[in-house]
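Subject: Structure handover

Hello,

Here is the structure I promised to pass on. Please open it before reading further; my notes follow below.

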Amino acid sequence: GELALSGRLRSIRGALAMAVSCAHSGRAFVLPSDSAAQAALLEHTDIYAADSLTAVAAHLNRITPLSVVQMTEPELDLSAMADLSEVKGQYSARRALEVTAAGGHNLLMLGPPGTGKSMLAQRLPSILPPLTLDERLSVASIRSLLMQGSAEVLPQARPFQMPHHSASAVALVGGGSDPRPGAISLAHCGVLFLDELPEFDRKVLEALREPLESGEIHISRASRNAVFPARFQLVAAMNPCPCGYFGHASRPCRCSMETIQRYRDKISGPLLDRIDLIIEVPQLSEQDLTSDKRPESSAQVRERVLQAHERQLQRQGKSNAALNVDELDSVAAISADAAQYLSKLMNDLNLSARSYHRLLRVARTCADLHSDAVVQPSHIVEAIQFRRAWSNQLQLGHKSWY
């Protein structure tokens with residue numbers, strides 16, 4: 001703790017992170033009262049809370065023992081989350097969101113203003129699988145690095161970070177003279193939602209490429225180096241053009257093709273290549289908007305997601321999006337018809353090896369959602385439809401969806 005001139009102990013940041021790092025030593029910890037509630041989230045470790053240095057001395061001399069702080073364990077309250085039943089229509093986008101949640105994939109939504117892109121993204125946490133104990137400790141440890149010892153409980157819901165497009169690289173990936181985690185680390189084990197994607201500075205977006213591959217971010221400063229975990233799902237949304245109405249059914253677009261191309265070129269090919277699903281979120285029809293039919297709730301969709309996620313854990317111990325090439329070849333059983341169809345697609349669309357494996361990962365998730373042990377041609381068809389929005393709407397010869 002931090003010792004005041006009065007002898008009282010002041011709270012510190014990072015109490016849980018330090019306790020996790022030292023838990024293997026088998027020692028107990030004495031912390032300021034405000035910080036102890038944080039560190040008590042660590043199981044099988046005795047955490048004592050003290051208000052002053054005098055209280056610590058009395059405890060060590062066996063005069064007045066300090067009390068052990070108990071861990072609090074709340075239940076996940078799904079009713080407090082935004083629900084998918086509030087999103088009318090957009091059935092293809094809802095299905096893409098379900099595939100994203102089930103397989104841990106990255107998603108880009110493309111569509112005009114007011115079609116529900118942000119609404120869909122904000123409801124993704126309500127259908128994601130629950131955090132494991134290790135994930136919850138990791139998420140809570142990162143949060144503790146930015147807190148001054150406020151009482152905390154182990155998080156039940158996966159994190160959801162939505163930085164503004166004016167955010168700097170330090171705010172997004174972390175940094176500072178005393179390195180602290182950024183939005184991507186706060187989104188660890190959860191979702192990083194980037195709305196208005198092309199409005200972000202290109203250098204800021206390029207900083208995402210390494211953590212999307214490695215799941216961590218390395219920050220080097222003159223005084224010290226730091227490594228923060230950053231394994232997150234990237235969900236992004238953007239308009240099809242600067243005015244927002246390219247391809248709209250009723251509103252004309254004011255942008256030239258060159259302007260649209262420059263707008264989309266703000267997103268580099270390597271970053272786009274790390275996104276598994278690129279879908280179009282079109283304008284809602286009047287029939288869908290005024291319909292009294294209630295869409296599926298998050299609870300209904302989440303049940304299918306949990307079943308698919310459990311199949312992945314039993315089969316390979318991780319989500320489909322986390323599979324490397326060797327693991328994918330061994331676990332993604334594919335039928336002869338599906339393999340033949342995929343081979344034809346590779347030739348017709350000139351798919352790269354990375355595109356092939358990315359497509360196969362999404363198809364494997366589609367098969368898991370259908371409870372199929374083997375990837376079928378229908379799963380390949382569904383997976384490839386989640387990649388066509390970029391070229392289908394823009395229709396520029398040199399801009400490829402794969």
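Please keep in mind that this is a predicted model. I start with one residue and then move outward.

**Ser185**

S185 sits in helix α8, which covers residues 183-186. Is S185 buried or exposed? Its relative accessibility is 1%, so S185 counts as buried, the cut-off being under 20%. Its side chain has a polar atom 3.0 Å from the backbone oxygen of P229. P229 is also on the contact list of S185, once neighbours within four places in sequence are set aside. The others on that list are I142, I217, F228 and A230.

**The sheet**

Next, the five-stranded sheet. It is open, its pairing is parallel, and its strands run in the order β6-β9-β12-β5-β13. Which strands form the edges? They are β6 (160-161) and β13 (277-280), and each pairs on one side only.

Going across the sheet from the β6 edge:

- β6 and β9 are parallel and share two bridges. Here F160 faces V191 of β9.
- β9 and β12 are also parallel, with four bridges between them. L192 has L234 in β12 as its bridge partner.
- β5 (residues 107-110) runs parallel to β13, and four bridges join the two. M109 is opposite I279 of β13.

Helix α4 (residues 91-103) packs on this sheet. It touches β5, β12 (233-238) and β13. The direction of α4 makes about 165° with that of β13.

Strand β9 (residues 191-194) deserves a second look. In a regular strand, side chains alternate between the two faces of the sheet. In β9, V191 and F193 point one way, while L192 and L194 point the other way. All four are buried. V191 is the residue opposite F160, and L192 is the one bridged to L234.

**Two helix contacts**

Helices α14 (residues 298-316) and α17 (residues 353-369) pack together. Two packed helices are described by the angle between their axes and the distance between the axes. For α14 and α17 the angle is about 115° and the axes are 8 Å apart. Their crossing is right-handed. Which residues of α14 and α17 meet? From α14 come R304, V305, A308, R311, Q312 and R315. From α17 come R364, T365, D368 and L369. By class, this contact has five charged, three nonpolar and two polar residues.

The other contact involves helix α1 (residues 15-22). Its buried residues are A15, L16, A17 and A19. They pack against β3 (29-32), α2 (33-39) and α6 (133-144).

**The whole protein**

Last, the overall picture. The protein has 402 residues, and 50% of them count as buried. It contains 19 helices and 13 strands. The C-alpha trace spans about 80 × 50 × 45 Å along its principal axes. How much of the contact set links residues 24 or more positions apart? Such pairs account for 71% of the contacts with a separation of 6 or more.

If you have time for one view, start at S185 and its polar atom 3.0 Å from the backbone oxygen of P229. Then turn to β9, with its buried side chains pointing both ways.

Best wishes

Definitions and conventions
Residues are numbered from 1 along each chain as its sequence is written. This is a predicted model: local features need pLDDT of at least 70, side-chain atom pairs count only at pLDDT 80 or more; totals for chains, interfaces and linings use all residues. Side-chain values use heavy atoms; hydrogens and water are left out. Buried means under 20% relative accessible area, exposed over 50%, partly exposed in between (1.4 Å probe, protein chains only). A polar contact is a pair of N or O atoms within 3.5 Å; within protein, one must be able to donate a hydrogen and the other to accept it, and residues adjacent in sequence count only if both atoms are side-chain atoms. Contact means heavy atoms within 4.5 Å. Two strands pair if DSSP finds at least two bridges between them. Axes are lines fitted to C-alpha atoms, for helices over the stretch in contact, and angles run from 0 to 180 degrees between N-to-C directions. A crossing is left-handed if the near helix is turned anticlockwise from the far one by less than a right angle, and right-handed if clockwise. Ala, Val, Leu, Ile, Met, Phe, Trp, Tyr, Cys and Pro count as nonpolar, Asp, Glu, Lys and Arg as charged, and the others, Gly among them, as polar.
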